[in-house]
Amino acid sequence: MILPHDSKPSRYRAFILNADETVLRIEHLPAQDDDAALGLARAMLDGHALELWDGMRFIEHLEPSASAG
C-alpha cells in the first residue's frame, strides 16, 4: 500500500498496567493523531493505569480516577 508522504499508518498502542506496573494487555488504537489517541485511552481507564505509545514514542502515562472501581 502506498501512502502520501505526510501520512502514516496508526501505530498507537495502549499498554494497560497491573498494580505493580507490569503490562496486563496491549490494545491497538485506531487514532489519527495524539489527541484522538489520548481520548480513546482515557475512555479505556477502568481501574488500571495505562501508558500510551505511538510506535517507539512515549506519549503519556494515565492513572485511573480515584472514583474508579
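Gln 32 sits in the loop that links strand 2 (23-28) to helix 1. The model is predicted. Gln 32 is exposed, because its relative accessible area is 75%, and the cut-off for exposed is over 50%. Its C-alpha atom lies 8.8 Å from that of Tyr 12, and 20 residues of chain separate the two.

Another loop residue is Glu 21, found between strand 1 and strand 2. Glu 21 has a positive phi, near 70°, and is not a glycine. Its accessibility puts it in the partly exposed class.

| Residue | Loop | Relative accessible area |
|---|---|---|
| Gln 32 | strand 2 to helix 1 | 75%, exposed |
| Glu 21 | strand 1 to strand 2 | 43%, partly exposed |

Now the fold. The chain contains four strands and one helix. Their order from the N terminus is β-β-α-β-β.

Next, the interior. Buried residues make up 25% of the 69 in the chain. The largest nonpolar core has twelve residues, among them Tyr 12, Leu 29, Leu 38, Leu 52 and Ile 59. At least two core residues come from each of strand 1 (12-17), helix 1 (34-44), strand 3 (49-54) and strand 4 (57-62).

Leu 52 is a core member. Leaving aside residues up to four places away in sequence, Leu 52 touches Leu 29, Ala 37, Leu 38, Ala 41 and Ile 59, and also Arg 13, Arg 57, Phe 58 and Glu 60.

Finally, the whole chain. Of the contacts between residues at least 6 apart in sequence, 34% join residues at least 24 apart. The exposed surface is about 4800 Å², and 55% of it comes from carbon and sulfur atoms.

Technical notes
Residues are numbered from 1 along each chain as its sequence is written. This is a predicted model: local features need pLDDT of at least 70, side-chain atom pairs count only at pLDDT 80 or more; totals for chains, interfaces and linings use all residues. Side-chain values use heavy atoms; hydrogens and water are left out. A nonpolar core is a set of buried Ala, Val, Leu, Ile, Met, Phe, Trp, Tyr and Cys residues joined through side-chain atoms within 4.5 Å. Buried means under 20% relative accessible area, exposed over 50%, partly exposed in between (1.4 Å probe, protein chains only). Contact means heavy atoms within 4.5 Å. Accessible areas come from the Shrake-Rupley method with a 1.4 Å probe; for residues, only the protein chains shown count as cover.
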